[in-house]
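Work through the exercises below with the structure open beside you. Try each task before you read its solution.

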Amino acid sequence: MAAFFDFDHESLSAMNSVQTCDISLAVTGSGGAGAITAGELLLSLAGKNNCFGMMRRSFGPQIRGGEAAALIRISHIPVECMNDSFDLLLALDWRNADRFAEEIALRSDSVIIADPAAGEIPVAIRELDVEIIEVPMKALAKEIPAGRPNMVALGLLSHWLGFCGDEAGKLIGQVFASKGEEIIDGSRAAFTAGFTEPLIIEAREAKPRSECGEPVFAGSRWHFNGNQGCGLGAIRGGIRFAAAYPITPASDLLEWLSPRLEQLGGSLVQAEDELASINMVIGASFGGVPSMTATSGPGLSLMTEAMGLAVAAEIPAVVVNVMRGGPSTGIPTKSEQVDLNMALYGLHGDAPHLVLGALDHADCILTTEWSVRLAEALQTVAIVLTDQILAQSTVLIEKPEYQLPEISERAVAEPDEAYQRYEITDSGVSKMAIPGTASSTYVADGLEHTESGKPSTAAADHLAQLEKRSRKIHSFDYGEHWADVRGEGKTALLTWGSTTAAVREAGSRLRAAGHEVKVIALRLLLPASPDKLARELEGVERVLVVEQSHSRQFHLYLRAYYDIQAKTHTLARPGPLPITPAEIVEQIESWS
Amino acid sequence: MDKSTLQITVKPKDYKSAIKPVWCPGCGDFAVLNAITKALAFIGLPREDVALITGIGCSSRIAAYTSVYGFHGVHGRSLALASGLKAARPELTVLVAGGDGDGLSIGGNHFIHSCRRNMDMTYIIMDNEVYGMTKGQASPTTAPDWTDSKLTPHGTGIRPFQPAGLALTAGASFIARGFTGDPNGLAKILVSAIEHKGFSFVQALSPCPTFRPEQMQWKHHVRAFEAETTSNPIEAAQRIQTDDGMSTGIIFRNEYPVFQPGTGVDAGMGSIESEFTI
């Protein structure tokens, strides 16, 4: 069945004309109140009701017991980023609610659902003068054995969104299966209490109803976060060994990989530090097993020396770097696109390698799989860049389908008495002997070497090996996946990484408002594709570069590698708040 | 395995490469190379089933002088490289070698964690109490009053590490000390180390004739431990602490759980993909 988003969309539609039946809501509460659980269940329920959606979690700085917010967007068409503002805020309580004030932008026509027992509404919220529906969630829950206010809240929101209540009962049974019958029954009863609460029914009926069209896709949904997407892409690409050192926000990618690699006959080892994890990856890959690690900014800094070794010794290695606010410990739980410089330029010496950036959640799968295949084929390091917002937000989308170009597997040497590990070839790729292969023993070396691998300081050997390593990267045909290009127009929005979602949505809004806009998101960052971008920019008169970096790392990268003739502006601002579609639209509309 | 027949078919020189070492005349590391090749020939391991992983420094150049698979990595990280290789390829015989600076200073964290992890590999520290490749600086095993380094002209003033004691407290399951002046003794220790299941640590006293010429006198001080190998860590600690660091032999050996991941079978991708469907 189709979901009925009978929310008043008039004001929203005026601002955002391509989106209808598109609701953004936030559930907040102090630690243990269950805001996140309610949010996750609501998103799953949206999936069962044929909707699309996304959920971002926001936490205070406490390890446990801090306040939490589930930021959710639900739509009948696919969505990849959060919207500019929120239509509805449900506060389980008001403790430290001001901490989320920047993140949860409300409008005068937004609605707040709150518990009158939760105390006084904060001044900042009261000043907004928005409609407040008071429902005694705590009191309703108290009447039910093992009932909790967050499940009452889930019922209220499900009614508001017009979801089918039966699905909720099933979902609660699945999610709380390990918690026992009492919790399941209590949660179901609390959900029903919220779903049938006269206060919400009355408030809902007072709202104008605008029925949604049929959903664009009624099949089953995929529900995952970017870290899981990268993990899936990695194992699809053939990764069977990972080494790990915990770091926010990459730890959950490593935790996801651990049991799954084991299931595939591979393994994950927890290392003593990032220096060890990258070296373990290189050691395992030297042993013939496609290998990776995942980290974030500070960890990537520690890994750069060994990445230089992998380049010199020509050992395939994949590093997924989940960017967070920096420098130093920075804002580890929030997003920023600020490790681009390090990924591009952080290696010592002339060290040609691959840098790729995932563009959205589905693209985390594609880009990581592609990176693994490229690293294996080209016997080099591939750095995959994602960021906290991609990694830790969950989407509800159609199952991603993609077709990667045919890429040959790692070139492996047969037993050969005359074997030369670093043989100069036309492609630059030479066969790798895997330990266990008779007669082809060799020494992998970070010292410059001859074709056989013997250490050498000779100018001719250095030049020959530098050119070999460069040639294999630069003469390879990367095909059409270097970028994702949508639309045509004299105005181009040029971006990379997670800001792509907001840029695409801005592109849709601008087109709906009569602008002709082309959206170009670069997936392959190193090696750069200046000729391909030049072709895409033929006829383009103005380019807006969008990135989440205070120092404009992406713009400076474009200046270094590409010759952009069109007039260029930048929208570059730091985190931690995500760049919104409205900001991008505003930049184009005010560009005269 | 019948070692007596294999001894005839495989010779130590079969494990050597044609590359001439960069080492100075009289360097103890030549004897370590000989001891390794002798031990491999004695056990009769096929060359392709052995990997020798090294870091950076004079002694770490050893990988290139053997004919087994080798990896000459970055400074201090040989144990991490080796741990990844062993995790991914349990059937290989993994040897790791390097100097005292490589293993105990820049690589110190990997040393203690490798002892603790107890993967089945053999780690040889060629200890000459000096950084030779960078022309003579103090290492973590240098005496505090050694004043011949321009970097620390008054000596380091810091008491040296006791590598065997460090290995013991960090959880190594095999701890031995050999001397390059007795290459056959060292080779025998290496055979035991390679055959031991778990992390085997071998400190090889390896004089540096160039920057520590006084070490050429070590041959007059080195002698075998009087006591037999113990499996009791308290006895081992006592033996290490009461010794001047010049006694050789297998100090400690015990059976600790060996860490070896990745021995399961591939159950396929199917159920993993289906986790994503709601």
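## Exercise 1: Two domains in touch

Task: Find how many residues of domain 1 of chain A are in contact with domain 3 of chain A.

Solution: The model is a predicted one. Nine residues of domain 1 of chain A are in contact with 13 residues of domain 3 of chain A. Next, sort the domain 1 side by class. Three of its residues are nonpolar, two are polar and four are charged. Now place the domains along the chain. Domain 1 covers 10-216, domain 2 covers 224-398 and domain 3 covers 480-589. Finally, take the centres over C-alpha atoms: domain 1 and domain 3 of chain A are 34 Å apart.

## Exercise 2: The build of chain A

Task: Count the helices and strands of chain A, then decide how its radius of gyration compares with the globule rule.

Solution: Start with the count. Chain A holds 20 helices and 21 strands. Then compare two values. The radius of gyration is 26 Å, and the globule rule gives 25 Å for 592 residues. These are close, so chain A is as compact as a globular protein of that length. Now check burial. A residue is buried if 20 or more other C-beta atoms lie within 10 Å of its own. By that test, 54% of the 592 residues in chain A are buried.

## Exercise 3: An open sheet

Task: Name the edge strands of the eight-stranded open sheet in chain A, and explain why one side of each lacks a neighbour.

Solution: Write down the strand order: 6-5-4-1-3-2-14-7, with mixed pairing. Look at the edges. Strand 6 (131-134) and strand 7 (221-225) of chain A each have a single partner strand, so one side of each is left without a neighbour in the sheet. From one strand to the next, the twist averages 15°.

Go inside the sheet. Strand 2 (residues 52-59) and strand 3 (residues 68-75) of chain A are antiparallel, paired over eight bridges. In one of these pairs, A:Gly53 has A:Ile74 as its bridge partner. Then add a helix. Helix 2 (residues 35-48) of chain A lies across several strands, including strand 2 and strand 3, and runs at about 10° to strand 3 of chain A.

## Exercise 4: Chain A meets chain B

Task: Find which helix of chain B gives the most residues to the side that touches chain A.

Solution: Size up the contact. Chain B supplies 40 residues and chain A supplies 50. Helix 3 of chain B gives the most to its side, with eight residues. Strands meet here too. Strand 15 (residues 443-445) of chain A runs parallel to strand 2 of chain B, joined by three bridges. A:Val443 stands opposite B:Gly70.

Conventions. Residues are numbered from 1 along each chain as its sequence is written. Chains are lettered from A and ligands numbered from 1 in the order in which they are written. This is a predicted model: local features need pLDDT of at least 70, side-chain atom pairs count only at pLDDT 80 or more; totals for chains, interfaces and linings use all residues. Domain bounds come from an automatic or database domain assignment. Two residues are in contact if their C-beta atoms, placed from the backbone, lie within 7 Å. Ala, Val, Leu, Ile, Met, Phe, Trp, Tyr, Cys and Pro count as nonpolar, Asp, Glu, Lys and Arg as charged, and the others, Gly among them, as polar. Helices (H or I, at least four residues) and strands (E, at least two) are DSSP runs, numbered from the N terminus. The radius of gyration is taken over C-alpha atoms; the globule rule is 2.2 Å times the number of residues to the power 0.38. A residue is buried if 20 or more other C-beta atoms lie within 10 Å of its own, exposed if 12 or fewer, and partly exposed in between; C-beta atoms are placed from the backbone. Two strands pair if DSSP finds at least two bridges between them. Axes are lines fitted to C-alpha atoms, for helices over the stretch in contact, and angles run from 0 to 180 degrees between N-to-C directions.
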